[in-house]
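Got the structure open and wondering where to begin? Let's walk through it together, one strand at a time.

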Amino acid sequence: MLAGQEKMSDRVLVRIKDLTEEKADEVVWVRGRIHTSRAKGKQCFLVLRQQQFNIQALVAVGQHASKQMVKFAANINKESIVDVEGVVRKAHQKIGGCTQQDVELHVQKIYVISLAEPRLPLQLDDAVRPEVEGEEDGRATVNQDTRLDNRVIDLRTSTSQAVFCLQSGICQLFRETLIRKGFVEIQTPKIISAASEGGANVFTVSYFKSSAYLAQSPQLYKQMCICADFEKVFCVGPVFRAEDSNTHRHLTEFVGLDIEMAFNYHYHEVVDEIADTMVQIFKGLQERFQTEIQTVNKQFPCEPFKFLEPTLRLEYREGVAMLREAGVEMGDEDDLSTPNEKLLGRLVKEKYDTDFYILDKYPLAVRPFYTMPDPVNPKNSNSYDMFMRGEEILSGAQRIHDPQLLTERAQHHGIDLEKIKAYIDSFRFGAPPHAGGGIGLERVTMLYLGLHNVRQTSMFPRDPKRLTP
């Protein structure tokens with residue numbers, strides 16, 4: 001009979017994270033992977049792993065285990081999945097290297113559910129070793145390409161498990177917060193007839209006898225929903241950017257958290273709503289995901305993420321003034337370069353002690369054609385970016401909702417009006433003033449945890465050089 005085919009109804013499998021001193025002397029069934037095994041005389045010490053939690057299991061010759069069983073257990077390949085029956089015992093001293101440090105499992109029965117091959121493409125202990133520790137001790141670490149080439153194994157590490165558990169929490173908190181605020185979640189098409197942003201960085205796909213494009217943004221459809229009187233909408237879905245950019249923070253496909261909202265008097269109503277949504281996410285992560293944050297920090301040490309409530313909002317000219325004081329030469333209408341972005345983030349942290357802030361009133365010249373000009377100063381715009389640890393995580397603006405002005409701005413930017421006709425036409429039957437923005441999920445996760453590459457927070461990343469796995 002194959003493993004797993006026998007009757008299982010009398011087994012209640014217990015989660016490793018729930019094995020504490022309160023369960024001492026109980027007989028339990030646990031399913032986990034063999035993380036390590038070490039034979040010592042008539043005993044075998046196993047470490048069983050389940051996601052980011054693990055426990056020491058002892059197989060010893062005695063009433064419930066023969067010499068053959070100890071030998072069998074010691075020779076089960078790493079990463080094999082096993083079912084174990086055992087008694088939970090209090091440990092005589094804390095067990096280092098295990099999340100469950102106060103108890104161990106005394107094994108009575110062990111079944112192999114799925115046997116792993118003996119040779120692994122990478123060792124999980126190497127994959128969670130801090131790089132500094134590896135350099136100092138001369139022990140192996142695993143480089144990024146090896147991790148991504150063997151992503152299924154790499155995702156089993158306690159660090160990866162924690163990262164993507166926290167990332168799931170960001171999505172959950174995003175939805176919870178916006179639904180509580182009265183937003184409606186929408187789903188938008190990803191195969192479209194014209195480039196979302198009216199630009200060239202778009203993937204073309206064959207569409208029967210013609211061509212179509214992968215959506216660079218759900219913006220048109222968010223705005224159409226506002227014109228259809230939904231008032232407040234959000235969506236979570238893939239975004240595609242055909243940018244040949246091999247940086248630490250760019251991907252050709254990422255998950256967009258997008259918001260659009262009609263406002264009554266001023267676009268800052270929307271800015272404040274988005275900022276508060278981010279603050280609620282940060283607070284929720286602190287409250288619900290401390291275990292995951294600490295797990296990631298063991299491998300990638302980082303200062304706790306700091307934010308203010310309400311969120312700090314600076315005007316673009318104030319940011320430029322801070323950079324000039326620090327010795328940077330730039331014009332009033334120059335866009336922020338990546339190095340200047342990071343420098344401004346450090347300056348803001350020093351002055352205001354926050355890792356999260358808003359930069360408002362960008363120069364109109366550096367924003368897309370659909371951005372509403374500032375009615376007071378026509379060189380500025382009603383647009384804004386939000387930053388975490390000195391890197392942009394959201395770009396947003398009040399959108400032009402008047403078709404005549406939108407046409408003029410498109411012509412000013414040299415955009416073919418025929419290609420954006422459907423976009424302009426959507427505002428011809430009455431459109432409320434509205435604003436919104438798009439957030440990159442992977443980038444938020446990376447910056448909140450203080451990681452150094454967005455590929456660490458993309459489960460199966462896509463960039464100009466990677467299309468698999």
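Which residue in E5 does aspartate 83 stand opposite? The residue is tyrosine 111. Keep in mind that what you're looking at is a predicted model.

That pair is a handy way into strand E4, which covers residues 81-90. E4 and strand E5 (residues 103-114) run antiparallel to each other, and 10 bridges link them. E4 also has strand E1 (residues 27-40) as a partner: these two pair in the antiparallel sense too, over seven bridges. To find a spot where E1 and E4 meet, look for valine 28, whose bridge partner in E4 is glycine 86.

So is E4 tucked away or out in the open? Seven of its 10 residues are buried, which means that E4 is largely enclosed by the rest of the structure. Here, "buried" stands for under 20% relative accessible area. While you're looking at strands, here's a general tip: in a regular strand, side chains alternate between the two faces of the sheet.

Now let's move along the chain to an open sheet of eight strands. Going across, the order is E6-E10-E11-E16-E15-E14-E13-E12, and the pairing is mixed. At the edges sit strand E6 (184-185) and strand E12 (312-315), each pairing on one side only.

Zoom in on strand E11 (residues 253-262) and strand E16 (residues 434-440), an antiparallel pair with seven bridges. Here glycine 256 stands opposite glycine 440 in E16. Helix H7 (residues 219-227) packs on this sheet, where it touches strand E10 (232-240), E11 and E16. The direction of H7 makes about 20° with that of E11.

Methods
Residues are numbered from 1 along each chain as its sequence is written. This is a predicted model: local features need pLDDT of at least 70, side-chain atom pairs count only at pLDDT 80 or more; totals for chains, interfaces and linings use all residues. Side-chain values use heavy atoms; hydrogens and water are left out. Buried means under 20% relative accessible area, exposed over 50%, partly exposed in between (1.4 Å probe, protein chains only). Helices (H or I, at least four residues) and strands (E, at least two) are DSSP runs, numbered from the N terminus. Two strands pair if DSSP finds at least two bridges between them. Contact means heavy atoms within 4.5 Å. Axes are lines fitted to C-alpha atoms, for helices over the stretch in contact, and angles run from 0 to 180 degrees between N-to-C directions.
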